[in-house]
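Here is a short set of exercises to work through with the model open in your viewer. Try each task before you read its solution.

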There are 2 protein chains.
Amino acid sequence: MIRLNTADAGFEAGFLALLDQARETTTKVDAAVSSIIAEVRAGGDAALLDLTGRFDRWTPADAAALRVTEAEIDAARARCAPELLDALDLAATRIERFHAAQLPRDVELDDPLGLTLGLRWGSIDAVGLYVPGGKAAYPSSVLMNAIPARVAGVPRIAMCVPTPDGVLNDLVLAAAHRAGVTEIFRIGGAQAIAALAWGTATIAPVDRVAGPGNAYVAEAKRQVFGRVGIDSIAGPSEVVVLADASQNPALIAMDLLAQAEHDESAQSILITTSHQMANAVEHAVQDALLTLPRAGIAGESWRRHGAIIVVHDWEEGARLVDRLAPEHLEIMVSEPGPLFARIRHAGAAFLGAHCPEALGDYVAGPNHVLPTGRTARFASGLSVYDFLKRTTWISAERRGLEAIGPAAVALAEAEGLSAHARSISLRLG
Amino acid sequence: MIRLNTADAGFEAGFLALLDQARETTTKVDAAVSSIIAEVRAGGDAALLDLTGRFDRWTPADAAALRVTEAEIDAARARCAPELLDALDLAATRIERFHAAQLPRDVELDDPLGLTLGLRWGSIDAVGLYVPGGKAAYPSSVLMNAIPARVAGVPRIAMCVPTPDGVLNDLVLAAAHRAGVTEIFRIGGAQAIAALAWGTATIAPVDRVAGPGNAYVAEAKRQVFGRVGIDSIAGPSEVVVLADASQNPALIAMDLLAQAEHDESAQSILITTSHQMANAVEHAVQDALLTLPRAGIAGESWRRHGAIIVVHDWEEGARLVDRLAPEHLEIMVSEPGPLFARIRHAGAAFLGAHCPEALGDYVAGPNHVLPTGRTARFASGLSVYDFLKRTTWISAERRGLEAIGPAAVALAEAEGLSAHARSISLRLG
């Protein structure tokens, strides 16, 4: 953990070091991944059975066994605690409502010159959703990835989840059921991405692949990009908390550690106008670590990547936030609105003292799949837009062609594209 | 050129061959590009001068000479024919109007449980626009790339254009001026992309890079992706023309050749319900090739990748269009509306007999940067959305936290993330 103060001479150097901190350990897996993809393309279902036996320590009896049945999903839901199913349902309902509110409208523009111009939104036909299995099985992530696709109108949502030693997480199946996933397959790793992109006899190909995964999954997404669309490849998670002197340091400490407990590469940063608050949070983090089940991971993340920055005022604080462009931003000041309005770059913001980031991770409604590693400067969280695409259109009467055609002919000739020019002038002639 | 008929036994095999046709010749340039990027990161402006001397056959006197001055832009505009400046201005005005109509609105959702949820749109701070130089200098492309960024509100738009042998295209400079480009640099290739992404003393880094380029530029964009956002990497251009028996075959032929004249990898496909029309267009293409200045390129594209497909009815035709998901789609039938409504996948559509695709390339208003190679299944043309990003936000009163907090605690505990759970339960306690 580093402490910085904008009043210190060494501040800029320290802040730049924080910005440039390499938090990701990239494993070189491109050759392994391209051979797995080639195997699946050549071998189809047989390759999937073989690869699953090799990597997931269980061998499906046949290709049909790769698909999770309705009966298995029902049985899994029956094993879930009713209060968890209720919590899933509350979360799903709220996520649906927020994403439906994002749905864009078509544009139609009548032109005084006699043309009509339009933009029409439509959904993708089929989406593949990757869900990590084993220890890091997150039902909340299933809701956050599948619901925007369903709200966008995607008719087919195929999900792949690895089942190491054949084990499936009941709550993940329940979340997939609630979110409207249409097919579930027990396949993981690069082979799942290859099957979704290229298709096999059992798995029809999709048009876009989304969802988190390990280095193999990320590299496979990179390699199938172009054949299908992909979502952004997420880096380690991060939070910036802005807090004034009026806040409760124990709450801030727990918010910082909630981020840090994800993994050792996560980053938690406090920016405060108060030296006392800086000291109090530093102590509160140490206190909280004494009782936290994931203290090993959270403590390591805090030691390696944590930071507390004291700023002179919130104008200065806002400028630092824009340079950090954090994935998550908590604004715990007495009047968060004006400060939020001043900040340009953040994936998701949490305003006020009653709004810990964990609320947004699960049930508030906005998506928890967000741009990491300063990419909020140009990227956005997952939304219905990721599952929609646009077709623009032009309709012209002869009058419209006569009005603007000659300008197009002049520009086409200037660019040396005569057939372009003639396709218009022939119609005018 | 191949002729297919859905009534023939071999149709599906022939159509699949058409779908799988590899039209792109990819050059392997990744090692060369990564060494150029490393040079620019290490050497800054000095590396840019050196690389420009090596690749563009002219050596700028110093780093300041890399930037095109206001006086040079004014002089270039003065040398342009007034009717071309007028055509550029008409095009720019119409592109501005269509893109402004796309601007999305913020979402704010008041929640009966005592939370407010929102989605706020904001522009990217700085965009880098790559423009090819030399022979393939397209002023229309400058308008199509820069105007959406300006309409989105991007304050800084830096353009890089190579000037082989020091030569700059006057109309490209005029287009940049009209489109609101804020800085122009005489730099091309992978070194331009590296400078835009990493910055040098002369060129401040940007947050997103857009614009077409050769294999080096495309590979450089791939390599800087993550540090900055990039646009999609365009493949060869394509058009599908749907035409019924009532159309003029000479116009259809010229529309097919307008696509084909771009380069030998371009693809033009006619789908028609009429055998007579199929024959007439085939002959009209041969006739038109006799007088076309770019007949060499257009003829080669038509021979290699052209196709004429006769279908039984438009229901069948629409299904084929969705499988092709073409970049451009002309619907030349007597009532184009219902047929367009039936089709799901196309980058841009041109409805009716008076609407050649070239109109959209230059002056109609919608963007001409469109998804190629069947990616219209999941991707869209360039728009204001490429230069905007979203921040979602949550604001909760204590009442809101009490209403939904317990569900979040239950899910966090189920996922084994105790600090997440505690960050909420501490506030409820």
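The exercises below concern a predicted model, and they go from the interface between the chains to the sheets and a salt bridge within a helix.

**Exercise 1. Size up the contact between chain A and chain B, and find which three residues of chain A supply the most buried area.**

Solution. Begin with the residue count: chain A brings 116 residues to the contact, and chain B brings 116 residues as well. Next comes the area. The size of an interface is often given as the accessible area lost when the parts come together. For chain A and chain B this buried area is about 10,100 Å², with 61% coming from carbon and sulfur atoms. Now split the share of chain A by residue: A:Arg390, A:Ile394 and A:Arg427 account for 8% of what chain A buries against chain B, more than any other three residues.

**Exercise 2. Describe the polar side of this interface: how many salt bridges does the rule find across it?**

Solution. Apply the rule, which asks for a side-chain nitrogen of Lys or Arg within 4 Å of a carboxyl oxygen of Asp or Glu. It finds ten salt bridges between chain A and chain B. As a worked case, take B:Asp207 and A:Arg377: their closest N and O atoms are 2.7 Å apart, so the pair meets the 4 Å cut-off. Then widen the search to polar contacts, which gives 60 residue pairs across the interface, both members at pLDDT 80 or more. On the side of chain A that touches chain B, helix α16 (residues 398–414) gives the most, with ten residues. Sorting that side of chain A by residue class yields 67 nonpolar, 25 polar and 24 charged residues.

**Exercise 3. Trace the open sheet of nine strands, and explain why one side of each edge strand is left without a neighbour.**

Solution. Walk along the strands in order: β2(A)-β3(A)-β14(A)-β13(B)-β12(B)-β9(B)-β10(B)-β11(B)-β1(B), with mixed pairing. At the edges stand β2 (107–110) of chain A and β1 (2–5) of chain B; each has a single partner strand, so one side of each lacks a neighbour in the sheet. From one strand to the next, the twist averages 15 degrees.

Now look at where the chains join. Strand β14 (residues 388–396) of chain A runs parallel to strand β13 (residues 348–351) of chain B, and four bridges link them. One of the bridge partners to locate is B:Leu351 in β13(B), which pairs with A:Ser395.

Finish within chain B. Strands β10 (residues 267–272) and β11 (residues 307–310) of chain B pair in the parallel sense over four bridges, and B:Leu270 has B:Ile308 of β11(B) as its bridge partner. Helix α11 (residues 295–305) of chain B packs on the sheet, where it touches β10 and β11 of chain B; its direction makes about 60 degrees with that of β10(B).

**Exercise 4. Which strands form the edges of the open five-stranded sheet in chain A?**

Solution. Write down the order, β6-β5-β4-β7-β8 (chain A), with parallel pairing. The edge strands are therefore β6 (183–185) and β8 (229–230) of chain A, as each pairs on one side only, and pairing takes at least two bridges. Three bridges join β5 (residues 156–160) of chain A to β6(A), with A:Ala158 opposite A:Glu183.

**Exercise 5. Where do A:Arg54 and A:Asp50 lie?**

Solution. Both belong to helix α3 (residues 45–56) of chain A, four residues apart, about one turn of the helix. They form a salt bridge, with the closest N and O atoms 2.9 Å apart.

Notes. Residues numbered from 1 in each chain as written. Chains lettered and ligands numbered in written order. Predicted model: local features only at pLDDT ≥ 70, side-chain atom pairs only at ≥ 80, totals over all residues. Heavy atoms only, no water. Contact = heavy atoms within 4.5 Å. Buried area = accessible area lost by both parts, 1.4 Å probe. Polar contact = N/O pair within 3.5 Å; in protein donor to acceptor, adjacent residues only side chain to side chain. Nonpolar A, V, L, I, M, F, W, Y, C, P; charged D, E, K, R; others polar. Axes fitted to C-alpha atoms, helices over the stretch in contact; angles between N-to-C directions.
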